[in-house]
Amino acid sequence: MIKFISFAKDILETALAEISGEDNLLLFPTHQSRKEAERLYQQKWNFTRTEFLTMEEFKDSLFPSSSPILREEKRIMAFYLALDQESKDQFQIENYFQAIELAYNFFGFWEEIAEEMIADEDIADLLSQKLSARNWQQKSFRSLQKIKENYYELLQKKGFNDQIFCRNIAKIKSKNNYKKIIVVNQFYFTKLEKAIIEMMKEKVIILSQIPKTCFDENELKPLNSFSAKDIQAFVPKKIFQYTAQKPLQMIAQMLNVLPENKFQTVIDFKFDEQSYAQLLSPEHFDKPQKIKFSQTKFYRFFQSIAELLKSRKLDGKGFLLSLQKLLEFALCDDLLEYFVSSAAEREKFRAQLFEWKDNDLQFIDEKLISQNNDLAQQIGSIFFYLRDFLKINDLEDLRKFLLEKTKITSLFSIEKTKTNIEETFFQAFSDFLSIAEIGIVQDWKQIFPKNTALSILQLLLSYLKAKKISYQIPKKKKFITITNLQNTRNLSFQNIFILNLIEGVLPDRKHTQFLFSENQRKELGLKSYEDITLRDKYYFYRLLTASEQAFLFTLSDLEENIEISSFLEELKLQGLVQEISAADPYAHHELFTQLFGNNRNFVQPKKNLENDFFSFPFRQEDFEKNKISLTAYKWQKLEYDPFNFYLEYIHNLRQRKINESCDLTAKLLGNIAHKIFEKIWQRIIKVHKNNSFRHNFIYNTKLYVQQAVEKYIDHEFEEKYYFPNDFSDNYFRHIFLEILKDGIENFFYRLHNYLKLSDKMITVLPEVSNQEEREYFALENFSIFLRGRADLRIETDKIFIFDFKTGSANYKKIKKYREQLQFYEMIYYLKDSPELENKLESYIFFIEQKQLETAKHNKDLKQTMIDVLQNILAKGFSIAQKEAEFEDLDLTRRDLN
């Protein structure tokens, strides 16, 4: 029997009024509505035998299992063991973790098929229709059938069961002890639920708060005709719509209309995922006081340990760790604290990692860190911890490691006093360890043949990720409750405030379904997107009828493609909504002011700033002994960006590059090229027993270059520290080094063909380790020094200065490098002997491109320095001026024609 209940009535009170005599059963769609009905029932002091269940709980009682039912990770583990190689190939599964998504789809698929009582033959017939299915669907379905058979056999062998094998109408256990079964406003009935109701129809009363004209009584199914028109007579007299552009503006709007000291309900469809969730104080809002376990220090610590283990590069008996991953770990101060307790030592630790990173290292090992006495123990402790972890072979090893070799209480320290993290972890960990105890897995290497320890850790993290811990908030009467749409089913409210009424949230956007298309789902009788949209529309509209007042908050932003909910638009078409005028776009500023206190001066009034506001004053004490020492790079920084020069070189505050691509850097390639040049000149000088000689730069050049490369790469360059884990040694040796050798050989040919230096008496002065420094001039009471180190100088009747560069050449680079060579000319020659200017020739050589550029100077270096320094002495270190659009554009006469 179906009874249609008006929207004007309270559905729970109506359901309780149906209770009569003994042995009543009330069935609800959600736990929330079941709990509320129990609370109302208990207030009436009615002691009749009445049971309250959700529909899912009722079905569990009808289909009991004689064997334990597998759930969560145990279920997925058994599923993975049931996969044969053919199935793995079909779904491209190479390891356990790749099977997790397939497992969820597999169980969801067969649970839905069982609920709708669809025979495999019906699915096969549908998929065999050429016009509606493709071969991949048939092949996938056959694989799913085979996996299901294998899974069933495995469970039988192990003595377990699964829900997908339980809910068979032929195995139903009759519930004759109930005299009346009251189904309270169930919106959607599966075919299995319809069959159960049919079997017990003499006892069943279905209470439906859907208009009779919108309900198919034979199919127990709502009709698509249900719309806003059907609730027109029952909605509250006042429904207000507020439209904002940004989420925070929306929250500001809501807070402005929330009355104090009255019970209110806020409905947010995805509250936990919203950035503003943290702004709403738990002292006033009765929101879910839970955080994801994945946000805890414990989880983040072992997630970082997993990342470090994944980054390993094997080297004989030991291993190297990715410097990038170690740096990411070290930058989380609360995690590094586990290994390095002192704050000062942690800062030294990070400084050392940055120094290695600046030197282009990509990996480090214990041999390298042993060379640093100050930090060898701290960094070594991480290697020691990881080495011990890698000895784990099963869950018992993991248990011992966590409880005996890990300071586990320190990892709970942050959340320990405010949450139930310890209780949650140990309860979850105990359940996790039971995977081994129930005997599903006999040998963990069967599941994880490679990287067993790492995989077991990832398995634990995967299991813990779904857990939540509760915050211990002081008990206080809260007037504002935050919930979601699903938990409002069958409930009534005084005032409701509904957030995020936008398209794609309500109604939800379409999601790609597993295996079947939308049309195929309809043909099989499975829930379609239209069914889900209709369900959400009903719950939303019913909620409006069950409230005294409703305040609806939506967003509209064309640039972000955010649109008002079509459900809300439908209400507006029926004239049921009163739109509030557009909000002040800066309304949320007031919200921030309140959050940060009542001081109205928190946001400073706009005023005209002084010209020197964004600059640091020049202080004589910043320069020891009134000495200003400049390299070419520092000078360019000072000339074009004084503000950052001050931060970087006066106070040593430089921007650190943390996330960089793991590849060979231009700096590293340049260092390799310089070392090879150094080896070649050492060989030539050794042959002539002096750095003054005659030499033919055609003969033996290839041999010298080849020998220099082999000597450096094979005996001095430790590529294990510099090469990414997936970097090809073949590429480096057979492609990059060949390009490098070709470029270096070309330079020596240039000495022969272009500069005519072969067989001519020359003096060669290769790069030395120390930089030269010369006083350039005095300005007021300051001495200006130039510092630098040329890559190569050759002296004959002329003087040649060379600077070697890797990478591509462009106008901006050449302009910068020319100033660098101007520094070298002044340091080595022109400061003492300005008459040598006409004999000087400076060149930039781009090795890979085999491009030799003359360094012609177009400005007076000294006068430019004087002008810049005088301006800084007077006005301080100011922010750099924005470059003109075409300042560094390389234009030629041809471009202008």
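Buried means under 20% relative accessible area, exposed means over 50%, and partly exposed lies in between, with a 1.4 Å probe and protein chains only. Keep that scale at hand for the exercises below.

The model is predicted: local features need pLDDT of at least 70, side-chain atom pairs count only at pLDDT 80 or more, and totals for chains, interfaces and linings use all residues. Residues are numbered from 1 along each chain as its sequence is written, and side-chain values use heavy atoms, with hydrogens and water left out.

**Exercise 1. Place D388 and E745 in their helices and decide whether each is buried or exposed.**

Step 1: Find the elements. Helices (H or I, at least four residues) and strands (E, at least two) are DSSP runs, numbered from the N terminus. D388 belongs to helix α16, residues 376-389, and E745 to helix α31, residues 729-753.

Step 2: Apply the scale. D388 has 13% relative accessibility, so D388 is buried. E745 has 8%, so E745 is buried.

Step 3: Look for the neighbours, where contact means heavy atoms within 4.5 Å. Leaving aside residues within four places in sequence, D388 is in contact with F401 and K405. With residues up to four places away not counted, E745 touches T701, K702 and V705.

**Exercise 2. Describe the surroundings of Q578 in strand β19.**

Step 1: Strand β19 covers residues 578-579, and Q578 lies in it.

Step 2: The relative accessibility of Q578 is 45%, so Q578 counts as partly exposed.

Step 3: Neighbours within four places aside, Q578 is in contact with I239, F240 and Q241. Q578 and F240 are 338 residues apart along the chain, yet 4.9 Å separates their C-alpha atoms.

**Exercise 3. Work out how helices α4 and α6 are arranged.**

Step 1: Choose the description. Two packed helices are described by the angle between their axes and the distance between the axes.

Step 2: Read the geometry. Axes are lines fitted to C-alpha atoms, for helices over the stretch in contact, and angles run from 0 to 180 degrees between N-to-C directions. The axes of α4 (residues 72-82) and α6 (residues 99-115) come within 10 Å and cross at roughly 100°.

Step 3: Name the arrangement. Angles under 35 degrees count as roughly parallel, over 145 as roughly antiparallel, 65 to 115 as roughly perpendicular and the rest as oblique. The two helices α4 and α6 are therefore roughly perpendicular to each other.

Step 4: List the contact. From α4 come R75, I76, F79 and Y80, and from α6 come residues including I100, L102, F106 and E111.

**Exercise 4. Which strands stand at the edges of the sheet β21-β25-β24?**

Step 1: Recall the pairing. Two strands pair if DSSP finds at least two bridges between them. This open sheet has three strands and mixed pairing.

Step 2: Find the edges. β21 (627-630) and β24 (772-779) each have a single partner strand, so one side of each is left without a neighbour in the sheet.

Step 3: Check the twist. On average, neighbouring strands of this sheet are turned by 25° against each other, direction ignored.

Step 4: Follow one pair. β24 and β25 (residues 782-788) pair in the antiparallel sense over seven bridges, and E772 stands opposite G788 in β25.

Step 5: Add the helix. Helix α27 (residues 632-640) lies across β21 and β25, running at about 110° to β21.
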